[in-house]
Amino acid sequence: MQITEPISLVQFPEAAVAYEEITEIQSKVEIEKLELDRRSLIYTEVALQTDFGYTSFLVSGFCDRDDLEASDGFQNFMEGTTDAQVNAGVYSYSVGNGESEYPTEDELVIIKRYADELHKEYSVDSVLSDFISFYYEAEQEY
């Protein structure tokens with residue numbers, strides 16, 4: 001139980017089974033919080049690339065340019081940047097059963113952390129994909 005990183009399992013192969021059982025139980029408990037048997041969640045994965053780097057993050061619901069620029073992931077990545085060419089692949093998905101809702105920030109964390117488990121347990125349907133490209137200029141304060 002003291003082994004917290006999967007990489008440590010190479011040194012302790014006898015602990016691999018226990019580690020996998022603990023993490024599987026943990027993922028099931030977290031995924032149950034999403035209540036996907038009674039609702040479906042719509043979220044967008046953003047793959048953002050500029051001339052100075054790359055990042056990816058999740059956004060609740062669908063994502064157009066305005067939503068992208070307003071997102072925390074975009075704001076954090078572009079912090080300190082005055083101008084840059086921005087290219088973003090946006091991929092919207094629906095997971096679960098029932099009426100569609102947009103996930104909260106806490107639910108997005110669960111979706112990101114347990115993406116593989118969600119794909120195994122539920123159908124994750126691609127709803128929309130798009131490409132957004134624009135030249136970003138930070139608003140200057142005068």
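**Close-ups of a predicted model**

**View 1. L128 in its strand.** Here we zoom in on L128, which sits in strand β5, the run covering residues 124-137. Keep in mind that this is a predicted model. L128 counts as partly exposed because its relative accessibility is 43%, and that falls between the 20% and 50% cut-offs. L128 also has company at the surface: together with F62, Y102 and V127 it makes up a nonpolar patch. The accessible area of those four residues adds up to about 370 Å².

**View 2. The largest nonpolar core.** This core holds 17 residues, and the members that touch the most others are V46, L48, L68 and F74. Two or more residues come from each of β1 (39-50), β2 (53-60), α3 (72-78), β3 (83-96) and β5. The largest share belongs to β3, with four residues. Elsewhere there is a second, separate core of 14 residues, with Y43, L58, L108 and I111 among them.

**View 3. L68 and its contacts.** Now for one of the well-connected core residues, L68. Leaving aside residues up to four places away in sequence, what does L68 touch? The list runs V46, F57, C63, F74, A88 and F134. Two of these names, V46 and F74, also appear with L68 among the residues that touch the most other core members.

**View 4. S40, tucked into β1.** S40 is found in strand β1. Is S40 buried or exposed? It is buried, since its relative accessible area is just 3% and the cut-off for buried is under 20%. A polar atom of the S40 side chain lies 3.2 Å from the backbone oxygen of G98. G98 also turns up in the wider contact list of S40, along with S94, V95, G96, N97, E99, S100 and E101; residues up to four places away in sequence are not counted there.

**View 5. Stepping back to the whole chain.** To place the close-ups, here is the protein chain in full: five helices and five strands, following the order α-β-β-α-α-β-β-α-α-β along the sequence. The chain has 142 residues, and 37% of them count as buried. Among contacts with a separation of 6 or more, 76% join residues 24 or more positions apart. The chain exposes about 9,500 Å², with carbon and sulfur atoms supplying 47% of that area.

Technical notes
Residues numbered from 1 in each chain as written. Predicted model: local features only at pLDDT ≥ 70, side-chain atom pairs only at ≥ 80, totals over all residues. Heavy atoms only, no water. Patch = residues over 30% accessible without salt bridge, like charges linked within 9 Å, V, L, I, M, F, W, Y side chains within 5 Å. Areas by Shrake-Rupley, 256 points an atom, 1.4 Å probe, with all protein chains shown as cover. Salt bridge = Lys/Arg side-chain N within 4 Å of Asp/Glu carboxyl O. Buried < 20%, exposed > 50% of the residue type's maximum accessible area, 1.4 Å probe, protein only. Core = buried A, V, L, I, M, F, W, Y, C linked by side-chain atoms within 4.5 Å. Contact = heavy atoms within 4.5 Å. Polar contact = N/O pair within 3.5 Å; in protein donor to acceptor, adjacent residues only side chain to side chain.
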